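Grab a pencil and let's work through some exercises on a protein model together. Try each task yourself before you read the solution.

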Amino acid sequence: MARSGKEYLEALRHNPPNLWYKGEKVEDPSTHPVFKGVVANLARLYDMQHDPKYRDILTYEEDGKRHAMSLLPARSKEDLARRSAAYKLWADANLGMMGRCPDYLNAVLMAYEHSADFFGEFADNVRNYVAYVREKDLATTHCLTNPQVNRAKPVTEQPDPYIAVGVVKQNAEGIVVRGARMLATLPTADELLVFPSTLLKEGPGADKYAVAFAIPTSTPGLHFISREGLVGGDSSYDHPLSSQIEEMDCLTVFDDVFVPWERVFILGDLQRCNNAYAETGALMHMAHQVVVLKNAKTEAFLGLVSLIGEAIGADAFPHVQEKIAELIVYLEAMKGFWARAERDAQLNKYGLMCPDRGAIDGARNLYPRLYPRINEIVQQISASGLITLPSEKDFEGPMGPYLEKYLQSATLGAKERVQLFRLAWDMTLSAFGARQVLYERFFFGDPVRMYQTLFSVYDKEPYKARIKEFLGWSESPKAEAVAGG
Ligand SMILES: Cc1cc2nc3c(=O)[nH]c(=O)nc-3n(C[C@H](O)[C@H](O)[C@H](O)COP(=O)(O)OP(=O)(O)OC[C@H]3O[C@@H](n4cnc5c(N)ncnc54)[C@H](O)[C@@H]3O)c2cc1C
């Protein structure tokens, strides 16, 4: 049932994740200087589900109970539209800057549940697990990639057989896993999904890495080891994003972690691991949420640069107008991907309505390349305004009158102008902003291999046929030569 922020906080305090920060265990993330902002933000998102203004967008009703809209089974295009309206509302609440809003992985879980037969003997485990997540309205995170030790060698040829997560043993109660995954964002989630993403190659010993399961983030032996925090401080004026949306990224270590059978979804089946995302529709649904999120993010950037251009009078210059227009083009392209993903959606073989793969692939491959350019546009238009940024306290101190005079702008008083530019700085230039660029480049996978996959799965035949027809080839020349020889 759709939960409130209070319920999320209670669950987190009752069962905190095994979270490590600078050598120390984080006992209560909700009060820790680095984690408290994102925890409060998540609580705010859950509270929105109960706000009469948003309730009907963020939740749906079934058997007299209200559940998170991102777990609504997608059976029709109307369902997709309802789902994306919910994605957009949460995305806008964070200017599209929070990658692990719980709706992201709910989209995956919804697809797995609907296509549960794909999981064969584990199908009921998947159904029961997703029903449990829906009932409790849990936040999940995931860790997919193996530690970056030696990418030139397969998982079976790393210096230790348990660098990547592998199964150590199994018994009547469940399995024991050991190893690590490179990265999980949002360790303050309730649950961790462990699915493989990179292609598992056949070979002796490879099947022990073919495993998928879900466990609470508080499971004994599971450790989230955090990077350095990016929170600049508590003030939402000075640090508008990092004070609220520092999701955190962690190395995820599995020190002989026990996973009960009911939480195991794949075991020893390479094919199933390699096909799980595409064949169940999880890939398309996950990326559907992403396309909506990136629409929200691009809109936020357009609003930002438009206000900055106005504020300092730079939008009078043709090249600045051109740069803002460039952003408009990007936004319209992203809107187009979103609309077509839903318009051309199709049922998969399990009866799940899946957004169109062409539109989804277009968006998820283009955005990692657009995003650094979007950042560049903000920097080119903002120039020194992006760095001459006193803090809120400076306005209250003896230097305040100077700031009021010299940092005023054509349309804004000094305090608003600095606030606007501080947001631009946190979106693009602060440590938080820099992480966003790395995130956009990689979070959905290595862009190089994503292009390679697109090349191999995309149906190019109709376009080849048109060229052949234009050239007047009734059959391919090679076929004729063979026939003639
Ligand atoms: C900020 C951030 C947050 C993230 N959050 C999450 C998360 O919550 N959960 C999660 O599971 N993952 C997360 N990721 C990880 C993300 O999925 C990976 O970064 C992505 O899949 C690329 O893998 P990698 O980082 O291991 O890069 P690598 O695979 O190590 O690639 C490094 C370089 O080597 C090249 N390379 C490596 N192997 C090959 C190959 N076989 N062929 C050709 N080139 C190759 C790549 O092109 C790249 O240039 C996050 C990443 C970032 C940056």
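## Exercise 1: The second largest cavity

V290, K294, R364, Y367, P368, E440, F443 and F444 are the residues that line the second largest cavity. Keep in mind that this model is predicted.

**Task.** Find out which helix gives the largest share of the lining of the second largest cavity, and sort the lining by class.

**Solution.**
- Step 1: start with the space itself, which has a volume of about 40 Å³.
- Step 2: look for helices that turn up repeatedly. Helix 9 (282–311) and helix 11 (357–382) each supply at least two residues of this lining.
- Step 3: pick the top contributor. Helix 11 has the largest share, with three residues.
- Step 4: sort by class. Five lining residues are nonpolar, none is polar and three are charged.

## Exercise 2: The largest cavity

**Task.** Work out how many cavities of 30 Å³ or more the whole structure holds, then describe the lining of the largest cavity.

**Solution.**
- Step 1: count. Searching the whole structure turns up three cavities of 30 Å³ or more. Rolling a probe the size of a water molecule over the atoms is what shows where empty space is left.
- Step 2: take the largest cavity, with a volume of about 50 Å³.
- Step 3: name its lining. The residues are Q49, L58, A68, M69, S70, A86, Y87, W90 and D103.
- Step 4: match them to the helices. Helix 4 (residues 77–93) gives the most to this lining, with three residues.
- Step 5: sort by class. You should get six nonpolar residues, two polar ones and one charged.

## Exercise 3: An open pocket

**Task.** Now describe the second largest pocket: how much space lies in it, and which helix gives the largest share of its lining?

**Solution.**
- Step 1: the second largest pocket holds about 400 Å³ of space.
- Step 2: its lining has 19 residues, and R3, A11, K136, L138 and D190 are the ones nearest the centre of the pocket.
- Step 3: helix 1 (5–14) and helix 6 (123–136) each give at least two residues to the lining. Helix 1 has the largest share, with five.
- Step 4: by class, the lining of this pocket splits into eight nonpolar, four polar and seven charged residues.

## Exercise 4: Buried neighbours

**Task.** Are A139 and T140 buried or exposed, and which residues does each touch?

**Solution.**
- Step 1: place them. A139 sits in the loop between helix 6 and strand 5, while T140 is in strand 5 (residues 140–143).
- Step 2: use the cut-off, under 20% relative accessible area for buried. A139 has 0% relative accessibility, so it counts as buried. T140 has 1%, so T140 is buried too.
- Step 3: list contacts, skipping residues up to four places away in sequence. A139 touches R3, Y46, P102, A189, D190 and E191. T140 touches L105, L109, Y129, A189, E191 and L193.
- Step 4: try a distance. From C-alpha to C-alpha, A139 and D255 are 23 Å apart in space, with their positions 116 residues apart in sequence.

## Exercise 5: Odd backbone angles

**Task.** What is the phi of D63 and of L95, and where does each residue lie?

**Solution.**
- Step 1: recall the usual case. Most residues other than glycine have a negative phi.
- Step 2: check D63. Its phi is positive, about 50 degrees, although D63 is not a glycine. L95 also has a positive phi of about 50 degrees, and L95 isn't a glycine either.
- Step 3: locate them. D63 is in the loop between strand 3 (59–62) and strand 4 (65–68). L95 is in the loop between helix 4 and helix 5 (102–114).
- Step 4: check the surface. D63 has 75% relative accessibility, so it counts as exposed. L95, at 30% relative accessible area, is partly exposed.

## Exercise 6: The whole protein

**Task.** Why can we call the protein as compact as a globular protein of its length?

**Solution.**
- Step 1: take stock of the parts. The protein has 18 helices and 14 strands.
- Step 2: compare sizes. The radius of gyration is 24 Å, close to the 23 Å that the globule rule gives for 485 residues, so the protein is as compact as a globular protein of that length.
- Step 3: add the interior. Buried residues make up 53% of the 485 residues.
- Step 4: finish with the surface. About 21,500 Å² is exposed, and carbon and sulfur atoms supply 55% of it.

Methods: Residues are numbered from 1 along each chain as its sequence is written. This is a predicted model: local features need pLDDT of at least 70, side-chain atom pairs count only at pLDDT 80 or more; totals for chains, interfaces and linings use all residues. Side-chain values use heavy atoms; hydrogens and water are left out. On a 1 Å grid over the protein atoms alone, a cavity is a set of points where a 1.4 Å probe fits but cannot get out, and a pocket is an open set with protein on both sides within 12 Å along at least five of seven lines; lining residues have an atom within 4 Å of a point. Grid points are joined across faces, edges and corners, and a volume is the space filled by probe spheres set on the points. Helices (H or I, at least four residues) and strands (E, at least two) are DSSP runs, numbered from the N terminus. Ala, Val, Leu, Ile, Met, Phe, Trp, Tyr, Cys and Pro count as nonpolar, Asp, Glu, Lys and Arg as charged, and the others, Gly among them, as polar. The radius of gyration is taken over C-alpha atoms; the globule rule is 2.2 Å times the number of residues to the power 0.38. Buried means under 20% relative accessible area, exposed over 50%, partly exposed in between (1.4 Å probe, protein chains only). Accessible areas come from the Shrake-Rupley method with a 1.4 Å probe; for residues, only the protein chains shown count as cover. Contact means heavy atoms within 4.5 Å.
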